Amino acid sequence: MIEMKNAGFTYGDETAESESSRDTGIVDIHLQIRRGECVLLCGESGCGKTTVTKLINGLIPHFEIGNFSGEVTVNELDTKNVPMYQLAECVSSVFQNPKTQFFNTDAESEMTFGLENQAASVEYIDKRLAQTIEELDLTPLMNKSLFQMSGGEKQIIAFAGAYLSDTDIVVLDEPSANLDLWAIEKIRGVMEKMKAAGKTIVIAEHRLYYLRGLVDTVYYMKNGRILESHDVKDFFALDDQRRIGMGLRKLNMSDLFQITRTAIQAAEQNRLRVENLTLTYQKKPVFSGLSFEIFLGEIVGIIGANGMGKTSLLRCLCGIQKPDKGIVRFNGRRCRTKDKRRLCGVVMQDVNYQLFSDSVESECFLGNAGTTAEQVNAILNEMGLSACKDAHPQGLSGGQKQRLAIAVTVLSGKKILLLDEPTSGLDYQNMLTVSSLLRRLSENGMIIVVVTHDIEFLETTCNRCLELTANEMKAIDSAKIADVFYQNSIASM
Amino acid sequence: MKENEKMIGKDYITCGVFSLLYMVAMLLSAVMNISGYTAIFYPTLVGIFVGILFVILEVKVPKKGAVVIFSIIPALYFFASGLLEGFIGFAGVMLFALITEWMMSRRHDNLNQISVAAVVYTLYMSTLGMAENFVFTDTYCDNALAHGINETIVEQMRSFYHIKPLWAAVIVSTAITTWLGTLLGKKIMSKHLKKAGIL
Amino acid sequence: MRLDIRTYLILLVLSATCASLNTHVLVEIGIILALSFLQLLSGKGVFMPRLLLLYGVLLLIQYQIFPVIPEVVVLLLSLPVVNIRSFFPVIMCVVLIYKTTQVSQVVATFTKMKVSKGATIAIAIAIRYIPSLAEEWRHIKEAMWVRRATVGIHNPIVRLSKCIECYLVPLLISAIKTSDELSAAAITRGIDSPGMPTCRKYRPMGAADYIVILLSIGVTAFCVVNEYILT
């Protein structure tokens with residue numbers, strides 16, 4: 001079905017000036033995938049798993065600029081000599097970013113796009129569409145414009161498109177990177193159906209627990225090579241020590257969940273106090289009457305079901321959005337919008353929009369007028385960014401960008417740090433780095449609030465966990481967090 | 001023509017995105033039309049944006065036909081300004097796009113040549129686009145009056161647009177700002193896009 | 001009721017023609033009301049009461065307020081108020097088209113009409129990119145607001161250029177990245193296929209289309225006669 005012989009790829013063309021764009025992607029890949037097999041490629045960021053998926057769907061060598069060697073055959077077609085549109089008839093792909101992979105504005109045409117390009121008959125397309133909608137239970141999504149959908153819903157439509165095209169091979173490149181638990185549960189359902197239909201599935205992924213029971217073979221990659229191949233039983237039975245050594249995320253969701261840090265009580269002055277916060281958006285109530293306190297030196301995780309307004313809550317705290325009602329006090333003093341802006345730093349889910357300068361170093365000085373070079377060097381050291389001091393912020397990896405955004409917030413002397421889904425696309429190592437960094441910052445007297453659905457991250461990082469519901473902030477017993485997560489994902493389905 | 005010099009799907013997509021940015025730049029610059037005098041700076045302001053976009057687009061898509069596709073949304077916008085004016089506007093933009101394509105047809109990798117082409121390209125705004133104001137001044141002003149614009153303003157505009165050297169000034173200033181735009185575009189490319197490995 | 005994209009384009013061009021030709025405000029009000037009616041027929045959420053209200057306000061300013069306020073103010077406001085007012089039919093049309101037309105219909109119709117594939121893709125992408133662009137702009141604006149990037153720079157020119165750089169560069173970077181990712185997704189779904197794709201969303205023109213076209217030609221003809229022959 002899929003066969004790779006001695007395949008290698010180096011990114012960038014020979015004349016490229018910057019070194020970052022001349023990475024070695026992969027070397028010496030030998031791989032054989034049977035028809036109907038479900039293969040998981042895992043490994044740390046930059047290990048080359050995405051590159052392998054591109055070999056299969058033909059983006060290498062047809063789209064990416066670089067140096068390709070070896071031989072890849074898909075369905076007896078040599079990918080080098082076959083044009084993309086012909087490969088598209090037997091391989092469909094789903095990518096990481098749900099925002100940038102749809103061409104149409106309505107879900108229906110988006111799903112049929114592949115078949116339309118193959119000039120399939122209208123009757124056949126209509127038949128497949130009706131089947132897909134029924135089998136994947138998509139009726140509630142079909143009347144929405146793609147632009148009104150959440151990231152998770154968009155990704156489900158992308159999966160539905162692959163399902164509808166009915167290609168023999170499906171390639172998934174970190175499909176869960178930007179998704180919440182509800183959407184992950186849903187795409188897992190689609191993958192099960194694909195597998196039952198006899199499709200060959202290749203997945204490159206950081207999050208592993210949801211793939212249990214789905215994949216047949218696991219390949220572990222490092223530095224552009226396939227290091228180990230595992231039978232699925234052995235792989236999901238790996239003990240924690242071995243797994244952490246390999247830099248992999250949790251294999252089992254239901255592992256006992258335990259917040260390792262203890263709760264803190266602080267003096268009356270050192271706290272952020274929110275009273276009766278109420279927000280309506282486009283005439284619909286988002287949340288009302290939220291009251292809670294967060295102490296200095298504490299990291300608080302906020303969880304909640306889809307669409308509960310977790311991001312809106314952060315936006316209200318930092319002053320981007322004006323709540324309808326409610327008071328925010330810091331150290332007992334009431335904060336107006338101006339004060340919130342001065343006090344709070346935010347690291348948004350898509351950190352790309354928060355970086356403006358042409359080098360990591362100048363990014364640190366931007367907007368932080370009084371900063372000295374020593375301070376910048378110290379913080380870059382702490383964040384593990386001093387090696388790429390002169391690199392362009394937009395050229396950094398996802399984890400590095402996030403740490404840079406945190407560094408900038410620290411330098412600007414802000415007391416409160418708000419993070420929205422900081423670990424959604426990160427591998428284990430990067431997640432740990434962020435976690436230990438945040439812990440150090442909080443020990444130095446910062447208030448940190450994290451909105452997340454990454455249980456593993458909550459567990460290693462937070463002191464306390466709050467659940468956002470429509471009209472209160474529920475404190476959650478640390479032993480019950482996994483249950484709450486599970487119920488939330490059931491409820492939103 | 002070699003196979004890799006032909007426009008393919010991804011080039012059309014890039015051109016479509018840039019074409020929309022071009023359109024947005026035009027709409028932003030339309031702020032200039034808020035008074036009859038500053039309207040002459042409309043092409044001047046658009047020139048800066050077009051200069052930036054043009055250089056980056058040509059480096060990203062160094063192929064024949066990129067400028068024509070890049071012009072398509074603004075051309076449609078002109079088309080929506082009425083039957084006669086629309087057709088002239090549409091044809092004018094496309095004509096200049098073709099001239100520019102021809103100028104760059106030999107070398108798509110020469111940045112200076114691209115900059116010159118950009119300057120020629122924005123000429124349509126300062127020549128054709130301003131012709132209504134400067135050549136058919138009286139018709140233009142009568143029409144404005146008939147639509148209900150204050151008479152004092154119309155008469156001021158009439159005498160203003162009869163100063164023909166102004167037109168030359170508009171053309172020259174647009175050329176200059178477009179050139180500046182291309183310089184800015186090159187700066188952004190070397191300072192940001194190339195360094196970040198995006199281009 | 002959904003009309004064909006071709007009908008909409010004809011409607012757009014003709015209403016622009018009327019807008020520049022017609023100088024009788026009563027005729028203009030008639031056109032605006034007819035377009036509003038068409039918007040109301042076109043489904044929920046297409047008709048924007050606020051837009052119509054804005055038109056009314058502009059009319060009110062021009063005909064009721066201008067005669068009574070000092071001329072200095074009129075000199076300042078006359079051009080924008082009158083220009084936007086007389087451009088309003090086009091604005092109404094654009095709203096109508098943008099709210100009712102899907103990218104897939106544009107692509108299907110243009111493909112059937114043998115418009116070049118490149119132009120079709122570019123137009124489709126441009127329409128699809130409008131909401132993304134708005135979203136990106138909002139993100140950048142918010143990030144800038146939190147960041148206070150220009151604090152501490154006193155020279156106004158340096159400040160302005162820094163500000164422009166901070167808005168423009170992320171926007172350009174994200175435009176390029178988006179177009180790359182879109183391209184990758186599109187070509188893995190066979191957009192470069194040389195054959196004629198299926199045009200599932202193509203609908204031939206119906207009676208409603210012909211009626212709207214005839215009516216709009218009639219109105220345009222009336223405007224021409226009214227301007228050049230009757231007066």
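1. Let's start inside a sheet of chain A. In β14(A), Val274(A) has Val328(A) as its bridge partner. Keep in mind as you look around that this is a predicted model. Another pair joins the same neighbourhood: Leu272(A) stands opposite Phe330(A), again in β14(A). Behind these pairs is a run of 5 bridges that links strand β11 (residues 271–281) of chain A with strand β14 (residues 325–330) of chain A, the two running antiparallel.

2. Now turn to β12(A). Which residue of β12(A) is the bridge partner of Leu272(A)? It's Ile294(A), so to speak the other hand that Leu272(A) holds. β11(A) pairs with β12(A) over 8 bridges, in the antiparallel sense. These two strands make a hairpin, with 2 residues between them. Have a look at Gln282(A) in that turn: its phi is positive, about 50°.

3. Zoom out and you get the whole sheet. It is an open one of 4 strands, ordered β12-β11-β14-β15 in chain A, and the pairing is antiparallel. At its edges sit β12 (284–295) and β15 (333–334) of chain A, each of which pairs on one side only. While you're tracing strands, here is a handy rule: side chains in a regular strand alternate between the two faces of the sheet.

4. Chain A has another open sheet, this one with 6 strands. Their order is β16-β17-β18-β13-β19-β20, and the pairing is mixed. Which strands are the edge strands here? They are β16 and β20 (473–475) of chain A, each pairing on one side only. On average, neighbouring strands of this sheet are turned by 25° against each other, if you ignore direction.

5. Let's check one end of that sheet. Strand β19 (residues 464–468) of chain A pairs with β20(A) in the antiparallel sense, over 3 bridges. In this stretch Glu467(A) stands opposite Lys474(A), which belongs to β20(A).

6. Next, the helices on this sheet. α11(A) lies across β13 (299–303), β16, β17 (416–420), β18 (447–451), β19 and β20 of chain A, and runs at about 155° to β17(A). Helix α16 (residues 428–443) of chain A packs on the sheet too, where it touches β13, β17 and β18 of chain A. The direction of α16(A) makes about 145° with that of β18(A).

7. On to the neighbours, beginning with chain C. How many residues of chain A are in contact with chain C? The count is 58, and they meet 52 residues of chain C. Chain A and chain C bury about 5,000 Å² between them, with 60% of it on carbon and sulfur atoms. On the chain A side, Phe103(A), Tyr353(A) and Phe356(A) lose the most area to chain C, together 17% of what that side buries.

8. There is plenty to inspect among the charges and polar groups here. The rule finds 8 salt bridges across the interface of chain A and chain C. One of them joins Lys99(A) to Glu135(C), whose closest N and O atoms are 3.9 Å apart. Between chain A and chain C, 22 residue pairs are in polar contact, counting pairs with both residues at pLDDT 80 or more.

9. Which elements build the chain A side of that interface? Those giving two or more residues include α3 (84–87), β6 (91–94), α5 (122–135) and α15 (398–411) of chain A. α4(A) gives the most, with 9 residues. Sorted by class, the side of chain A that touches chain C has 28 nonpolar, 18 polar and 12 charged residues.

10. Last comes chain B. Here 8 residues of chain B are in contact with 14 residues of chain A. The buried area between chain B and chain A is about 800 Å², and carbon and sulfur atoms give 59% of it. His192(B), Lys195(B) and Ala196(B) supply 53% of the area that chain B buries against chain A, more than any other three residues.

11. How many salt bridges does the rule find between chain B and chain A? The count is 0, while 3 residue pairs are in polar contact, both residues being at pLDDT 80 or more. On the chain B side, the elements that give two or more residues are α1 (9–29) and α10 (165–193) of chain B. By class, that side has 3 nonpolar, 1 polar and 4 charged residues.

Key:
Residues numbered from 1 in each chain as written. Chains lettered and ligands numbered in written order. Predicted model: local features only at pLDDT ≥ 70, side-chain atom pairs only at ≥ 80, totals over all residues. Heavy atoms only, no water. Contact = heavy atoms within 4.5 Å. Buried area = accessible area lost by both parts, 1.4 Å probe. Salt bridge = Lys/Arg side-chain N within 4 Å of Asp/Glu carboxyl O. Polar contact = N/O pair within 3.5 Å; in protein donor to acceptor, adjacent residues only side chain to side chain. Nonpolar A, V, L, I, M, F, W, Y, C, P; charged D, E, K, R; others polar. Pairing = 2+ DSSP bridges. Axes fitted to C-alpha atoms, helices over the stretch in contact; angles between N-to-C directions.
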